[in-house]
There are 2 protein chains.
Amino acid sequence: MPTQFDPPSGTRDFLAAEYEKREWAFGELRSVFRSYGFEPLQTPAFERIDVLLGKYGDEADKLVFKILRRGEHEASGEADLALRYDMTVPLARVAAAYGSQLPMPYKRYAIGPVWRADRPGKGRYREFTQCDVDTLGSSSPLADAEVLCAHHDAMARLGLTGFTILLNARQVLFGLLEVFGVPEELGENVLISLDKLDKLSPAEVISELTGRGLAAVRGAELVGAMTAPDATDRIRTALKGSDLGLAGLDQVDEVLNLVSGQIPAERIAFTPRMVRGLSYYTGPIWELAAAGVPGSIGSGGRYDHLIAQLGGPDMPGTGASIGIERVLMLASERAEAARGRIDVAVPVLAHDLAAQSFRLAGIARAAGLRTSVYLGSSGKLSKQLRWASDSGARWCLIYGSAEHAAGAVTVRDLASAEQRQLPLADLPDYLRNPAGTEDG
Amino acid sequence: MPTQFDPPSGTRDFLAAEYEKREWAFGELRSVFRSYGFEPLQTPAFERIDVLLGKYGDEADKLVFKILRRGEHEASGEADLALRYDMTVPLARVAAAYGSQLPMPYKRYAIGPVWRADRPGKGRYREFTQCDVDTLGSSSPLADAEVLCAHHDAMARLGLTGFTILLNARQVLFGLLEVFGVPEELGENVLISLDKLDKLSPAEVISELTGRGLAAVRGAELVGAMTAPDATDRIRTALKGSDLGLAGLDQVDEVLNLVSGQIPAERIAFTPRMVRGLSYYTGPIWELAAAGVPGSIGSGGRYDHLIAQLGGPDMPGTGASIGIERVLMLASERAEAARGRIDVAVPVLAHDLAAQSFRLAGIARAAGLRTSVYLGSSGKLSKQLRWASDSGARWCLIYGSAEHAAGAVTVRDLASAEQRQLPLADLPDYLRNPAGTEDG
């Protein structure tokens, strides 16, 4: 049951373990994108409200978090700013604002939170991280292939293996509508129904198509071709009857050719039934599916007019969006390799020895070890050793009156409980190479 | 003049160069805090409005960005959420929410944006990054010393050298008020005036003190002692007349003793005139001053009741806050060592050679080099070489029809314009060790 101390509905506090897992993943993603020459971009958390609203329709507008005007205008109840809803509207604004200051084509990635006032649910948050990689200003299929390879490499870098890239092109879909005789005015709705073939049975989709006004025989033919065991071959053959379809096939084959050798062949497949719901795609489209995960874990494609529709300059674009919250769940094993909180714990056995213990901690840190000094009020070694052990440390540096008299320090291995006394002067070398001394 | 495409007033877009400088600095700070065993904490961008308001007074409440209720409640013009104003209120909430799940003492750092509807100005933003490091649950002076050393090390890691740590303790200030005969009811106001001694002349401060109701002779004595060339000695002597003052001196000396050997002596000084405006401090306090920078570049101190005042559990605390926006300006030289955008540029000389060029880019990336393939529409080598050069690349991998026929690739050094042709099979080794081949 939520209490007054929980974070707001649909948001999360990330304590150390979860934060480090996420930060590790973001670091790996940045590294992959950098290796392709994509540049980082970070825009403010909020935009002027007119920049955000009206870009994705009324339903999306309802999900935007709006910020009240301030000062004397607060009482008006009006909003003048809003939290960003995605990374693409800010990209369009940046493309308009910086124009010639940006390298062209502009290859950028963005990793950061976005906010949507969706009903919170399992795996669905109101504050969640988006991770986008896009190229603006190039019509070349190489740009599509580059984004797709970066997308693939990012998933591989996070340790994901059981995923498949479903590849298609919008023109393939338009070609299909043509050769299967779908009336033009039904086209967009028919595609929306076909998109459900990964969730609904063929019969259910046929029934939905009929409900949308498509002749039953046409719907059955179309769905039959899309779901046959040799669907890909049948569709390839059928598309020869449409110029649009052939152009789409060419796009798919060009991308497949470009990425061969960089994306293992068994991980990518031409998938004619894959539609992508979003009508702004204009060329190749792809979706990443992971075994056991409903829906996609990422997607992308070419959108040659979107930036202009979002208020930016008219330039071609292609990009991918990684469903990082889902991916993080899949990548959890690799990320769990997080280390203990500290390497070295330093007890403090008497007030007049505190300064020396504090100095020992500094020496351990200088040797590259995460080190914490005891900050509690107990003077008992047994209690402080329990603290050391709880904190995940491997070593304790003990400095009591005996060590003080001898000009020495006792190093305790918390796993084996073995102790050895060293001259103080030897500690830095010992800490830099304890394995050589202990395990060697 | 701002245009519709600029980010909202007081916020910034971080393009690649600026972003990488900031990300470098944040990474260094994380690394220092980790080395002390501080854990990361990340809380949501917004909190429930009742968690935020009423914590720092009416003036602060006016600067909070408030978020409109959603759906049917939007028309009410009421806010139920607000963007975080600092990192300490969320810390108090987290301490209350997770209690025994947190290690105790709880040592955490937080680096992230906060939002304040201040009037934007030079170096003053409405969205800016705060960087805080705090220890909750320990009354030990070691905790103060640990935070202070981490604060110092963080500045040193960013390459700052010309900074001084002004150290004081609240009890020193209370002792001063006592021995200089300041009436108790004037105490807090007198401290606020003394705090201005780094900006105003002694005479101006004396006049302000008189205006606040302090006898002119008392004000002159107090300011005279604080600004004398031997101020520190005079104050040390004077404080012997007050138990509070002596306790404060003990705190200062204990911190100085603990940090000696880890903070160079010339970088830290007992500074009795340093007040820190914030009344919630209860023990040692410090401020970092940098030559040529007005105001402080960071500050910290012990605040044993603040967490309870902010709605959290009643536990002692000590912490530092780094003025990261100012620090970044000082650290700019070190951060400017950012590399060019890419290492290797790969022209595409003919459509039927594109796939091979794309593969060469993959080989360069696998060798650890940031690599970009030409995405434009020109087929001319000269134009593509200009692109390569503009993009900051060091090498070009050229694959034209001659190379295709020879099973080779031409590697061009963009600085020297030297070229050499290699068998394709030799490229991976060559890229891994070009220096050994070229410069060696």
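## Relation of the two chains

In this predicted model, a turn of 180° with a shift of 0.0 Å along the axis lays chain B on chain A with an RMSD of 0.1 Å. The two copies are thus related as by a two-fold rotation axis. Within chain B, the C-alpha nearest this axis belongs to B:Gly77, at 1.8 Å from it. Both copies use the same surface, since 100% of the contact residues of chain B recur in chain A.

## Helix H8 of chain A

Helix H8 of chain A comprises residues 202-211, and its buried residues are A:Val205, A:Ile206 and A:Leu209. Viewed down the axis of H8(A), these buried residues fall within an arc of 100°, so they line one face of the helix. This agrees with the general geometry: an α-helix has 3.6 residues a turn, so residues three or four places apart point the same way.

The buried residues of H8(A) pack against two helices of chain A, H7 (187-194) and H9 (216-227). On the face turned away from the buried side, H8(A) carries the exposed residues A:Ala203 and A:Gly211. Just after H8(A), A:Gly213 adopts a positive phi of about 110°.

## Nonpolar core

In soluble globular proteins, nonpolar side chains tend to be buried together. The largest nonpolar core of the model has 243 residues. Within this core, A:Leu397 and B:Leu397 are the residues with the most contacts.

When neighbours within four places in sequence are left aside, A:Leu397 is in contact with A:Val344, A:Val346, A:Leu360, A:Ala364, A:Val409 and A:Val411.

Notes. Residues are numbered from 1 along each chain as its sequence is written. Chains are lettered from A and ligands numbered from 1 in the order in which they are written. This is a predicted model: local features need pLDDT of at least 70, side-chain atom pairs count only at pLDDT 80 or more; totals for chains, interfaces and linings use all residues. Copies are superposed by least squares on the C-alpha atoms of residues with pLDDT of at least 70 in both. Two residues are in contact if their C-beta atoms, placed from the backbone, lie within 7 Å. A residue is buried if 20 or more other C-beta atoms lie within 10 Å of its own, exposed if 12 or fewer, and partly exposed in between; C-beta atoms are placed from the backbone. Helices (H or I, at least four residues) and strands (E, at least two) are DSSP runs, numbered from the N terminus. The arc is that of the directions from the helix axis to the C-beta atoms. A nonpolar core is a set of buried Ala, Val, Leu, Ile, Met, Phe, Trp, Tyr and Cys residues joined through C-beta atoms within 7 Å.
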